[in-house]
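Colleague: I am new to this model and should be grateful for a close look at one part of it. Please begin with a single residue and let the description widen from there.

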Amino acid sequence: MFEKKSTQKVGRNDPCPCGSGLKYKKCCLGKKNPQFNTLKDLYFKRHKIRLKEKKDIDGIRNAGRLVIDTLGLVEAKISPGIKTEEINTLVHEFTIKNGAIPAPLNYRGFPKSVCVSVNEVICHGIPGERVLKAGDIVNVDITSIVKGYYADASKTFFVGTPGPDAQKIVKAARECLRISMALVSPGNTIGDIGWAIQRYAEGQGCSVVREFVGHGVGFGFHEAPQVPHYGRKGDGVSLVPGMVFTIEPMINLGNKDLRILKDNWTAVTADGSLSAQFEQTILVTESGFESLTPFD
């Protein structure tokens, strides 16, 4: 059904793809833009967003299954005493064994096959000799390429028994993802997603990282649109069927500020507070959304 939708003309009562928040008939319908004959064409030319056809969605969904299977293997392995490099080895070998490619490896010089971010590390942690300890939290961010299609997801895990701060930040990050996914539906906007995350996180006394955002995914690792995890309701591009992007809120227990370590990759909280993240690859459907990397 997505293939059919992407080749139709924009309906008079559909949300205008320009992101104005108005119906198409009250916005761009009367403008002379003959090159925008289809929704797919308009979204690419106006926003650089590549709407996915059914075959593409099937390919991304297939990649997503491998990502979730890999996260499951990692979860079973997480325990005090394991080095982050061991997580990298597990992810790399399982990905290759399944005929896929670990997207992070050598991406813009990133040296490993997975991002492993412990405690104060917000994202882009490079696996190495760091040993996980009881009470730590660790985010594992996996992107796999299967037959040319990309899928991306991450989870934050407890190492042993968590303390109250660890429980608070992990619960907040997970809930931020859940409530924002619920707002993915045709006619809503990118801004609605960030607004929901920011409102909930700050209501819990936490903060939202600004420097890193969600992004389109599927044909490439990072595509349009960017999906900020903060913002105002109603702002940004209108969501339409066939859009595929990640939502991946990075939530800090302290303030939102960060710094980048000397490796030029690892982002840590400026105040040393804990940070947690959950991420899924989301498809906008005709009636709402589908996670292409589903987990509870």
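Where is Pro-225 placed?

Modeller: The model is a predicted one. Pro-225 is placed in strand 8, which covers residues 223-227. The bond that leads into this proline deserves attention, since the peptide bond from Ala-224 to Pro-225 is cis. Its omega is near 5 degrees.

The stretch given for strand 8 begins at residue 223, and the side chain of Glu-223 is joined to that of Lys-52 by a polar contact of 2.7 Å. Lys-52 itself belongs to the loop between helix 2 (39-47) and helix 3 (54-77). A polar atom of the Lys-52 side chain also lies 3.0 Å from the backbone oxygen of Arg-50. Is Lys-52 buried or exposed? With a relative accessible area of 2%, Lys-52 counts as buried, because that value is under the 20% limit.

Strand 8 also has a part in the surroundings of helix 6, as one of the elements that cover the buried residues of that helix. The others named are helix 5, strand 6, strand 9 (244-247) and strand 10. The buried residues of helix 6 include Ile-190, Gly-191, Asp-192, Ile-193 and Gly-194. Further along helix 6, Ala-196, Ile-197, Gln-198 and Ala-201 are buried as well. Helix 6 comprises the 14 residues 190-203, so at 1.5 Å a residue a span of 20 Å is to be expected. The C-alpha atoms at its ends are 20 Å apart, which agrees with that expectation. After helix 6 comes Gly-205, with a positive phi near 80 degrees.

Two of the elements that cover helix 6, strand 6 and strand 10, belong to an open sheet of three strands in the order 6-10-13. The pairing in this sheet is antiparallel. Its edge strands are strand 6 (207-208) and strand 13 (275-277), each of which pairs on one side only. Strand 10 (residues 250-252) is joined to strand 13 by three bridges, and Asn-252 stands opposite Ser-275 in strand 13. Helix 5 (residues 164-181) lies across strand 10 and strand 13, at about 35 degrees to strand 13.

A further open sheet has three strands in the order 3-12-11, again with antiparallel pairing. Strand 3 (121-123) and strand 11 each have a single partner strand, so one side of each is left without a neighbour in the sheet. On average, and with direction ignored, neighbouring strands of this sheet are turned by 40 degrees against each other. Three bridges link strand 11 and strand 12, and the partner of Ile-260 in strand 12 is Ala-267.

Asn-264 sits in the loop between strand 11 (258-260) and strand 12 (267-269). Although Asn-264 is not a glycine, its phi is positive, at about 70 degrees. Asn-264 counts as exposed because its relative accessible area of 63% is over the 50% limit.

Asn-106 likewise has a positive phi of about 70 degrees without being a glycine. Its place is the loop between strand 1 (101-102) and strand 2 (115-118). With a relative accessible area of 57%, Asn-106 is exposed.

Note on methods
Residues numbered from 1 in each chain as written. Heavy atoms only, no water. Helix = DSSP H or I, 4+ residues; strand = E, 2+ residues; numbered from the N terminus. Buried < 20%, exposed > 50% of the residue type's maximum accessible area, 1.4 Å probe, protein only. Polar contact = N/O pair within 3.5 Å; in protein donor to acceptor, adjacent residues only side chain to side chain. Pairing = 2+ DSSP bridges. Contact = heavy atoms within 4.5 Å. Axes fitted to C-alpha atoms, helices over the stretch in contact; angles between N-to-C directions. Expected span 1.5 Å × (residues − 1).
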